[in-house]
Structures are given as structure tokens and as C-alpha cells.
Amino acid sequence: MSMHVETAQKTGNAKPRMLESFAPATGEKIGEVPVASRDDVKSAIARARKAQAAWGLLPVEERCARLLRFRDAIVDRAEEIIDVVSRECGKPKHDALSHEVMILTDLLTYYCKNAPKILEPRELALHLLKHKRSVIHYVPRGVVGVIGTWNFPFVIPLADVVTALVTGSAVVLKPSEVTPLSMQKAKDIFDATGLPQDLFVVVHGGGDVGQAMIEGGIQKLCFTGGVETGKKVAAACGANLVPCVMELGGKAPLIACADCDVERTARAVVFGGFVNSGQVCISVERVYAHASIHDRLVDRVGELTREIRQGDPQGGDVVDVGAIIYAKQIEVAEKHIADAVAKGAQIVAGGKRRSGPGQFFEPTVLAKCDHTMTVMKDEIFGPIVPIQKVSSEEEAVRLANDSHLGLNAYVFTKDRVRGERLASRIEAGSVIVNDVLTNYAAAEAPFGGMKQSGFGRIHGDDALRDMAEARHVFTGRLPDPKSDPLWFPYSPKAFKWQLKLLKAMYRSGGLLKKLGRLL
Ligand code: NAD
């Protein structure tokens, strides 16, 4: 993978192949980790399964109390994490702190505080079978696999890890091969807390290692990555009957209504489009600006973009935007720009890669865009914000929904009622009014995509329950008779009274209706 090369160090059988990590802001090698073989993956899953057996038996309160040690260690050693993530991704330390360490710490705190309540056994009020007692228990799945990406190499995979650990499962995790050191740091911190090391095992390598994990006997997979890889991974999960959560690509539209606050909207576009060099699945990937504010918005977005300080975050000066983590994204950006310009787009700011050392691409604003251009239709995952003029909210909503992706969407208007009305019409997993990106930081709220942005949700109470298996325990409320009227032997009499019961109970105006129990 471009600068992140896997090298086979064949200096004897004992030495594993190594995966090297390079700082994208300088090109320097900053470390290496051993690549897992198929057998390593198998043994990782076996070790995790063994550790899970004891962990899963602990009461959830006890698991949470122990996991808070991990939270405290992350807080205590935040500077170390921030340093590795910042170097390995070439991202400002501010980003590593507020978008990775802070969010993970808050999620861990939220789950550890609330999991005993969220995972409490739930008794159901049965409609038909009133003589039965029905209780749902949330039990551990076993070993959960996590496959991560490189844009937020700490928070995204670890959010899945802590969710699984809270529910009593163990985890085998494969970080992105582009950013292995960030997770290695998390693993070192986890091990130092005294929690069982095999509860959370990290295996390094590329897609083949991920594939080995899916085929290796895991009970659930949490996958984050691109749509094309996601299709292959979901197919492999299907072939192995492994349930999965798919967190895939995004193409977040931002609708700037005629009544928006242009200054706030422009600042939101610039932050939402360029933070983390635009390598965010919920980045502002396209803007639909109402004709009445379009020119002012484009001018202001251009001005603010030209003020962005870009450079090596470790270089001494404070920078707003760092490097491109994965070099291939530079070519993707160049292709989008060439296609858009050829079809009539105008470059308002930026537009090109910066010469080395390191991998940098200028924050770029394109105006006069439309849906014939790839930049408005396909994921960019880089620092480009394309803007299209629209003449009505109707047009904006139609264009926002003209996408195969549906992760986040943004609406800017001074009228919150209008904002919420528009939000209800947009095909996206989350719609945010007058803000960008922040919803990911809400530990309580579900996060995930519609359409090809994936399926399943992370964060929030439902995701915690979904991470567990639901076991339904069904018992009687009355003394158990020797036999049951529904059992053998069948008789014409039994058939008759059941039919009578059906009509009495469910016919409109029937018995239950009269008792107020049926529609
Ligand atoms: P990618 O799909 O190339 O790789 C993701 C992971 O999948 C890597 O760890 C990779 O090694 C692994 N992988 C590759 N082939 C595999 C296979 N056949 N079987 C199992 N694993 C395999 O994605 P990327 O370039 O690392 O990440 C960028 C993409 O991730 C973007 O599309 C972005 O939008 C998306 N993303 C989504 C979210 C979200 O929450 N929805 C968050 C971050 C990133």
C-alpha cells in the first residue's frame, strides 16, 4: 500500500513478516509490527475464546468496573496516544485529542455507567400467552471480530472493542495496515491495566488477515471501511453465517437554505470539509446552496479556506490541517478535480498536491458543480468541497437524496422547525441541523448508514444490546398441567374451540376489542 509497505524479512523461518508504518507528514518510517499468519489468527481467536469464558460469567457491573481501569489508563496516558496518532496519521494533536481520545473516553464512561441498566433482563407483557412469563436476557456472543480503517485508527475500532467487552464478549481486532501503531499503543495500555490480555487481541496485516478472521470462527464482525471492500466482507460473513455491522462510506450533503446564517454555514463547510484532511466518513462532501445566498457563501468559504494553516503537525507551528494519511487519496482527489473542471467547475481555492516531503493536498473548494461530475456523486474522502447552486429546497432535497450513500447529512437554516422538516426527508442515518460532524460524539445516539453506507448501528443503547445475543427465557406463571390442550392427541373438538377462540378474540368488535386489548 503506497508508503505503507509490507516487507517480507526472510532472514530465517523464525522471523515474521513485518508491516512498516510511515509518518505521512514526513515520509519517515516510525515503526513496524509483525504480520499475523492464518495460524496466528486462529490461535488469537482460540485465546480470546478462552479468556471470554471467565469474562462472560462476570456480572455486567463487575465488567464495567474493571473496564473503567482502561478508561482511566487512556486518560492518564492521553499524551502518548495523541502523539502516536498524530504522527502516524499526520493529523493535528487537537484532532487526535478531541476526535479520538475524548470521544472514546466518553463512550467508555457512558457504557460503563449505563450498561447494567441497558442490559438488564427485560420482561415482556405478552399479548396472547398471558399465562407465560417471557424474559429477554442479553448474553455475550463469544468472540467479536473488529476490522478497522485508517482515518480514526484509535476511536473507531476501539468503540467496537469496548462495546463488545462490556457485553461480555472478547475481541480480536485487525487494524488498518496503514496505521498499525495507533492500535498497538492502545493494546499496550490495555495490557498494562491488568485486564486479561487475551480478552482483546490485536492481529496485524491486510485483507487476507481480515478474511482469516471471518473464516476463523468469530460470532460477530464489526467492519469499518469502503463500500467495495464492504461488499466482499459482507459476502464472506454471509458464507460463514457471521452477523455483521457494516460502517461504510459517506457522501454527506450540506443544504444551505436561503435563511441560513452565512457566516456560521461557511465556517461549518470549511471545518466539516477539511478537518482530518477531509478523510472523515461524515465529511461535508457536497454543498447545495440556495441561489439567494450562493455567491456570498462561495466567497466566504473560499476566504476561510485560504486562511487554513496546513503542514506537519509535529513541525512546531500550530496547524489546522495535516497530511493525507493514505497516499492513494491524493490521486482520487486529482481525478475528481480534473473531471469537475473538464465539465465546467471553477476552482475557488486550492486544487493541487503540495510538493514533498510528506503527502499533502491543498484544501480545495469547487464552485459551479453539478451531478454530472464524479465529485458530486462518488465519495471523495479527501480535502475537496464542491458547491452546487440550487433554486429551491425541493431541488436541494432531491439532489441530496440522489446518491447511493446515506450516512450523515447537514441542513443550515435559522428556522429550526424548517431544519427538522427537511431532516425528515433526507435519506441518511443522521441529519444534523446547523452543525457538522458532532453527532459522532454523542455516545447515547445511534450512528450508522442507510443505503450503501452500510447497515447496523454503533453507539447508543440499541447498539449495546445488538452487540449481545438476546436469549429469550420462557416459563409458566401457573402450575404446569400434565398436558396441554394444544398438544397431541389432536381432536375435532380442539380444532373447533380454537377456531371459536380465534373469531371471538380477533374479529373486529370481538372479545378482546371489548376488553380494550385489541384494535
Ligand atoms: P478499506 O475498505 O480499504 O479497508 C478497511 C479494512 O478492511 C482494512 O483494515 C483492510 O485491511 C480490510 N480489508 C480489505 N480487504 C478485506 C477483505 N477482503 N476481507 C476482510 N478485510 C479486508 O477502507 P479504508 O481505505 O481503510 O477506509 C476508507 C473507507 O472507510 C471510506 O470509504 C470511509 O468512508 C469508510 N469509513 C466509514 C466509517 C463509518 O463509520 N461509516 C468510518 C470511517 C471510515
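What volume does the largest cavity have? In this predicted model, the largest cavity has a volume of about 70 Å³. I shall begin with the enclosed spaces, continue with the open pocket, and then turn to helix packing and the backbone.

The structure contains four cavities of 30 Å³ or more. The lining of the largest cavity is formed by Ala159, Asp160, Thr163, Lys220, Cys222, Val245, Arg457, Ile458, His459, Ala463, Asp466 and Met467. Helix α5, residues 155-166, strand β9, residues 220-224, and helix α15 are the elements that give two or more residues to this lining. By class, the lining of the largest cavity comprises six nonpolar, two polar and four charged residues.

The second largest cavity has a volume of about 60 Å³. Its lining consists of Ile156, Thr224, Glu247, Leu248, Cys281, Leu407, Tyr440, Phe447 and Ile458. Seven of these residues are nonpolar, one is polar and one is charged. Please note Ile458, which lines the largest cavity and also lines the second largest cavity.

I now move to the open pocket. The largest pocket has a volume of about 980 Å³. Of its 37 lining residues, those closest to the centre are Trp150, Gly225, Gly226, Val227 and Thr229. Which helix supplies the largest share of this lining? Helix α8 does, with five residues. At least two lining residues come from each of α7 (207-215), β9, α8 (227-239) and α11 (328-342). Strand β9 thus appears in the lining of the pocket as well as in that of the largest cavity. The classes in the pocket lining are 14 nonpolar, 15 polar and eight charged residues.

The next topic is the packing of helix α4, residues 93-118, beginning with its contact with helix α15, residues 460-467. The axes of these two helices are 11 Å apart, and the packing angle is about 70°. Angles of 65 to 115 degrees count as roughly perpendicular, and α4 and α15 are therefore roughly perpendicular to each other. Their crossing is right-handed. On the α4 side, the contact is made by Tyr110, Tyr111, Ala115 and Ile118, and on the α15 side by Gly460, Asp461, Ala463, Leu464 and Arg465. These residues divide into six nonpolar, one polar and two charged. Ala463 takes part in this contact and also lines the largest cavity.

Helix α4 also packs with helix α3, residues 78-89; the two axes come within 9 Å and cross at roughly 115°. The crossing of α3 and α4 is right-handed. Helix α3 contributes Ala78, Ile81, Ile82, Asp83, Val85 and Ser86, while α4 contributes Lys93, Ala96, Leu97, Glu100 and Val101. Seven residues of this contact are nonpolar, one is polar and three are charged.

Finally, I come to the backbone. Most residues other than glycine have a negative phi, and most peptide bonds are trans. Three places in this model deserve mention for their backbone angles. Glycine 356 and proline 357 are joined by a cis peptide bond with omega of about 5°. Proline 357 is located in the loop between β14 (353-354) and β15 (360-361). Phenylalanine 488 and proline 489 are also linked by a cis peptide bond, with omega near 0°. Proline 489 belongs to the loop between β23 (469-476) and α16 (492-506). Leucine 241, although not a glycine, has a positive phi of about 50°. The loop that holds leucine 241 runs between α8 and β10 (244-247).

Key
Residues numbered from 1 in each chain as written. Predicted model: local features only at pLDDT ≥ 70, side-chain atom pairs only at ≥ 80, totals over all residues. Heavy atoms only, no water. Axes fitted to C-alpha atoms, helices over the stretch in contact; angles between N-to-C directions. Helix = DSSP H or I, 4+ residues; strand = E, 2+ residues; numbered from the N terminus. Parallel < 35°, antiparallel > 145°, perpendicular 65-115°, else oblique. Left-handed = near helix turned anticlockwise from the far one by under 90°. Contact = heavy atoms within 4.5 Å. Nonpolar A, V, L, I, M, F, W, Y, C, P; charged D, E, K, R; others polar. 1 Å grid on protein atoms, 1.4 Å probe; cavity = no way out; pocket = protein on both sides within 12 Å on 5 of 7 lines; lining within 4 Å. Points joined across faces, edges and corners; volume = space filled by probe spheres on them.
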